[in-house]
Amino acid sequence: MIRMLLLSICLLLAGERLSAENGSRLWLRQDTTANAKVECSLLSPTLDIACSELKRTWKGTPVSLELFNDATHTALGPEGYTIRSGKNGITLGSISEKGLLYATYHLLRLQATQQDTQSLHIEERPAYPIRILNHWDNLDGTIERGYAGHSLWKWDELPATLSPRYEAYARANASIGINATVLNNVNASPEMLDTPYLKKVKALADIFRPYNLKVYLSVNFASPMIIGKLATADPLDPQVANWWKQKVHEIYSLIPDFGGFLVKANSEGQPGPCDYHRTHAEGANMLAEALKPYGGIVMWRAFVYSPSDNDRAKQAYLEFHPLDGKFLDNVIVQVKNGPIDFQPREPYSPLFGAMKHTPLMVEFQVTQEYLGHSNHLAYLAPMWKEFFQYVKPESIRAIAGVSNIGDESNWCGHDFAQANWYAFGRLAWNPELSSESIADEWLAQTFTANPQFIHPVEDMMMQSREAVVDYMMPLGLHHIFAWGHHYGPEPWCTIPGARPDWLPSYYHQADRKGLGFDRSHTGSNAVAQYPDSLARMFDSIDTCPEEFLLWFHHAPWTHTMNNGTTLWEELCRHYQHGVDKTRNFCQTWEEVKPYVDTERWNAVNERLQIQTNDAVWWKDACLLYFQQFSKMSFPKDIERPVHKLKKLMKVKLPISNYERPTPEMLPKIK
Ligand code: GCV
């Protein structure tokens with residue numbers, strides 16, 4: 001207490017005023033009264049933005065922005081750049097205006113994070129040419145799995161009324177290198193392609209263009225029938241192909257730099273080529289032919305699974321692997337990072353590495369559908385870096401993130417969820433960056449560069465995703481979420497008539513013998529889809545990494561873990577550990593209170609309290625439920641449950657798949 005008082009006094013004496021903030025400025029909060037000397041001999045909308053950003057914000061030596069065509073700059077590609085300091089100031093160089101815009105934001109980031117800018121010799125180029133956000137925004141303003149309010153896109157007002165947030169959105173993306181956006185849900189409404197909507201899309205594209213942000217659309221495969229009134233959407237029907245060609249022509253006449261289509265086909269009830277006994281490749285190629293003359297691409301999703309006897313984790317591979325090499329060269333197959341669906345931890349999808357003749361892109365989920373929505377603090381960079389431990393960054397062509405952005409004032413619902421938007425952009429630019437350095441950068445810009453704040457909070461962020469895994473689904477457990485909204489625990493869930501692979505028992509397989517899904521050679525043999533060395537490692541219960549134990553094995557309750565304890569004891573300890581960590585987060589946040597403005601401190605604090613409550617809810621629900629099968633008692637060092645299983649089994653949150661629950665709805669510790 002005394003320490004905190006002293007800290008507050010120090011901050012006041014140092015003149016640091018913590019005026020209330022609502023998070024709307026994201027990480028772009030620098031003072032804008034600099035009036036810097038900036039030279040740029042060319043004029044263009046993009047360079048105007050770069051120059052005015054620098055003029056307002058840069059406090060160092062004069063800056064000049066120059067277009068070069070020498071070998072160094074050419075090798076850095078159209079979005080790459082250099083930053084060099086010399087006697088007369090700093091030179092930003094690139095072969096293109098967009099490169100100069102990215103250089104501008106890089107330089108300003110160095111200033112905001114208080115780095116030395118005296119002797120700069122920086123060369124940068126992005127790892128991927130397409131770094132794209134996928135919005136799951138519906139035309140009625142709701143966002144599937146969105147937990148930060150309604151859609152940013154005000155379709156009713158567009159194109160006449162242009163919200164200032166459209167430009168703020170483009171600017172924020174440019175500042176972290178995101179260069180593309182899919183505006184609408186992959187469960188796509190066919191109306192998106194109606195002319196009035198395309199005019200609205202054009203209005204957004206016009207605002208985004210100077211920020212080098214390209215627009216893409218999700219399309220419904222049955223559009224030729226629904227809006228074109230054709231009798232079929234068969235991709236091999238010439239009338240259908242022609243309909244798409246006309247539509248694509250119309251789009252490019254409005255938006256000459258349109259990026260292309262994202263398609264969810266024959267998945268979760270969406271129409272697709274398989275409705276006509278055509279393959280995914282035939283469907284994708286028909287669209288690709290239409291886009292090709294304009295330089296557009298098709299991002300075709302591999303997220304497919306049908307109610308069948310086959311393990312859901314195997315299905316995307318089974319369907320797409322035989323199609324390797326059959327896609328046209330302007331098709332990229334978009335694959336979720338794991339084989340099921342954005343769980344808190346999944347092994348990587350075996351399609352990566354298996355499609356040798358097909359460009360692939362990874363799809364991460366920035367929105368926290370399965371990680372506590374925007375109620376829980378879960379910094380996701382470590383999860384995405386984990387993917388890159390298995391999948392070489394250079395083996396994929398592009399990177400997509402399902403957006404967590406909505407129209408709430410702080411954009412992402414939870415102030416710390418902004419860090420995931422930020423980290424997605426930074427990793428898409430350079431997957432070699434460390435999670436720690438990205439967290440530090442984000443914290444310094446979003447809150448304060450004071451190390452007394454950064455160190456403990458970075459530490460909290462770094463532990464946060466593992467904490468969620470621990471209190472939700474440790475040791476490779478997966479998909480034991482509540483039905484529909486996926487917020488709380490429901491390992492017991494049964495819905496009469498529901499698809500088995502939509503029910504938790506399909507995944508946890510708890511019985512008197514043990515727990516987990518046998519995907520070894522004695523079970524579904526999903527391990528065989530991985531390269532030999534990994535397949536062998538995952539296949540044996542003795543060599544399978546413990547974090548994936550219950551993903552690949554049905555392990556006996558008494559199975560001896562690496563530390564000599566039983567599976568049951570270790571499971572209990574992980575749940576307890578998760579709870580303990582969330583309590584530590586509350587403590588850390590309390591300790592850094594003097595460094596944070598009241599408005600954001602309170603907002604984060606309120607959510608950390610929810611997270612701690614939820615962690616206990618998860619622990620009690622899962623352990624009490626699994627105890628019915630293990631029949632083993634809780635180890636001594638595990639807190640006794642505060643909830644009763646019977647009561648927890650009655651919890652039904654009154655939320656849809658685009659809402660986060662409010663504290664009043666949640667089971668609380670009395
Ligand atoms: C957009 C999961 C989600 C769905 C989502 C789907 C997908 O199943 O729960 O809301 O639909 O993934 O990625 O297509």
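How far apart are the end C-alpha atoms of helix 19, and what should its 33 residues span at 1.5 Å a residue? The end C-alpha atoms of helix 19 (residues 598-630) are 47 Å apart, which agrees with the 48 Å that its 33 residues should span; the expected span is 1.5 Å times one less than the number of residues. Helices (H or I, at least four residues) and strands (E, at least two) are DSSP runs, numbered from the N terminus.

This is a predicted model, in which local features need pLDDT of at least 70 and side-chain atom pairs count only at pLDDT 80 or more, while totals for chains, interfaces and linings use all residues. Residues are numbered from 1 along each chain as its sequence is written, and side-chain values use heavy atoms, with hydrogens and water left out.

Two helices can be set side by side.

| Helix | End-to-end C-alpha distance | Expected span | Buried residues |
|---|---|---|---|
| Helix 9 (residues 280-291) | 17 Å | 16 Å | 10 of 12 residues |
| Helix 19 (residues 598-630) | 47 Å | 48 Å | 24 of 33 residues |

Buried means under 20% relative accessible area, exposed over 50%, and partly exposed in between (1.4 Å probe, protein chains only). Because 24 of its 33 residues are buried, helix 19 is largely enclosed by the rest of the structure, and just after helix 19, Lys631 takes a positive phi of about 55 degrees. Helix 9 is mostly covered, and its buried residues include His280, Asn285 and Leu291.

Gln343, in the loop between strand 11 (331-336) and strand 12 (360-365), counts as buried at 1% relative accessibility, whereas Lys646, in helix 20 (residues 645-648), is exposed, with a relative accessible area of 68%.
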